[in-house]
Amino acid sequence: MTLLRSEPFGRTIQLFLADGVPNGLIIASIHGWTGSVLVATQSTFARLLARPETDRTGVYILFGPDPSDALSMRAYIGEADSVCDRIDQSAGSRGFWETAVVITTSDEALTKGHVRYLEARLIEMTLSAGRVVLDNSQMPAPDRRRLPEADRANMEAFLANLKIILPVVGLDLLKPRPRAAGPAASETAALGEAQFEIRHKSGVQATAVEEDGEFVVLEGSEALKDAGFQGTNSYGEFKEELIAQGVLTPAPNSEKYLFSRAYTFKSPSAAAAVVLDRNANGRRVWKVVGLKQNYHEWQEQKARAVEENP
């Protein structure tokens, strides 16, 4: 008997602007799911605490830049019978956060046992993903948060929805890092993704892959120290931070930097600007390895293939 491969299916995510403005309090959910995700900034935090949803049993996340590493994000994960009181205390003792998230349900179905399990699993998943630094001093193990089997299954389904909705509201702490940015970065040829390269007249060479929508420059790639470019480099300060954090290290006996580890960029253009030490259209300068096809042409080819084979 041949088993049919499970295909991804669409989801409807509902974003309610509680204050009627884009930068106000947001309540997010997935159609047909009883979970509610309330998202606030520091300026809307007081309104978050006043919402009746936060006076329920739930979990919460404080999220923002890591004060000790400008390239990283930091998060704190907690739980409470009444979230509003606990999150207020946690926020007051942590100055790094820019976004506060409260996770509860519209039917008040979460119990203390549920949220303690969710807290432990969220901490475990965040550590496994390796994208942010956790500010938690205690790391409870999920296997010590005992729940009946049926309740555990329900909470795992709850977490599956959180993995979808949290990136939509700007928190990617549960999303696994690209494989190319992990310990097996040197084995990217086996990953099956297209590889891209910059081969500059200066002799600088860099290689990258796109994986799950993220652009990763691989370990061992090179970057120009000083291109002598007189125009604007929008990523100059960012490059200096990469140097300060040891992502870029001086190559021996060379006017180049080396990527000491793979690094994930927000766009091909950001990666190209760091490699070439000047603003650059990454969609044009990155070429498919071994071909003259640039990144833009490669994307168009992929789009045509999807249209022809939906």
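**Stop 1: Arg152**

Select Arg152 and display its contacts. Leaving aside residues up to four places away in sequence, Arg152 touches Tyr117 and Leu147. This is a predicted model, so read each stop as a prediction. Now colour by secondary structure. Arg152 sits in helix α4, which spans residues 149-168. Is Arg152 buried, partly exposed or exposed? Its relative accessibility is 35%, so Arg152 counts as partly exposed. Add Tyr117 to the selection and draw a line between the two C-alpha atoms. The line from Arg152 to Tyr117 covers 8.2 Å, though the two residues are 35 apart along the chain.

**Stop 2: strand β2 and its partners**

Go to residues 26-30, which form strand β2. Show the surface here. β2 is mostly covered, with four of its five residues buried.

Next, select residues 13-17, strand β1. β1 and β2 run antiparallel and are joined by five bridges. For one pair, pick Leu15: its bridge partner in β2 is Ala28.

Then select residues 35-41, strand β3. The pairing of β2 with β3 is also antiparallel, over three bridges. Here, pick Ile27 and look across to Leu38 in β3, which stands opposite.

What links β2 to β3? The two strands form a hairpin, with four residues between them. Click on Gly32 in the turn: its phi is positive, at about 90°.

While the strands are on screen, turn on side chains. In a regular strand, side chains alternate between the two faces of the sheet.

**Stop 3: the largest pocket**

Select Leu71, Arg131, Tyr263, Thr264 and Lys266, and centre the view on them. Of the 29 residues that line the largest pocket, these five are the closest to its centre: Leu71, Arg131, Tyr263, Thr264 and Lys266. The pocket holds about 930 Å³ of space.

Which elements give two or more residues to this lining? Colour these strands in turn:

- β4, residues 58-66
- β5, residues 69-80
- β7, residues 132-134
- β10, residues 214-217
- β14, residues 263-265

β5 gives the most, with five residues. Now colour the lining of the largest pocket by class. There are 16 nonpolar residues, eight charged and five polar.

**Stop 4: the second largest pocket**

Keep β5 highlighted. Add Tyr76, Ile77, Glu119, Asn136 and Gln138. These residues lie nearest the centre of the second largest pocket, which is lined by 14 residues. Its volume is about 200 Å³.

Which elements each supply at least two residues of this lining? They are β5, α2 (residues 83-92) and α3 (residues 112-129). β5 has the largest share, at four residues. By class, the lining of the second largest pocket has five nonpolar, five polar and four charged residues.

**Stop 5: the whole chain**

Zoom out and select everything. The chain has eight helices and 15 strands. Along the principal axes, its C-alpha atoms fill a box of roughly 65 × 55 × 40 Å.

Switch to a surface view. The chain exposes about 16,600 Å², and carbon and sulfur atoms supply 48% of that area. Of the 310 residues in the chain, 45% are buried.

Last, consider contacts with a separation of 6 or more. Residues 24 or more positions apart account for 62% of these contacts.

Note on methods: Residues numbered from 1 in each chain as written. Predicted model: local features only at pLDDT ≥ 70, side-chain atom pairs only at ≥ 80, totals over all residues. Heavy atoms only, no water. 1 Å grid on protein atoms, 1.4 Å probe; cavity = no way out; pocket = protein on both sides within 12 Å on 5 of 7 lines; lining within 4 Å. Points joined across faces, edges and corners; volume = space filled by probe spheres on them. Nonpolar A, V, L, I, M, F, W, Y, C, P; charged D, E, K, R; others polar. Buried < 20%, exposed > 50% of the residue type's maximum accessible area, 1.4 Å probe, protein only. Contact = heavy atoms within 4.5 Å. Pairing = 2+ DSSP bridges. Areas by Shrake-Rupley, 256 points an atom, 1.4 Å probe, with all protein chains shown as cover.
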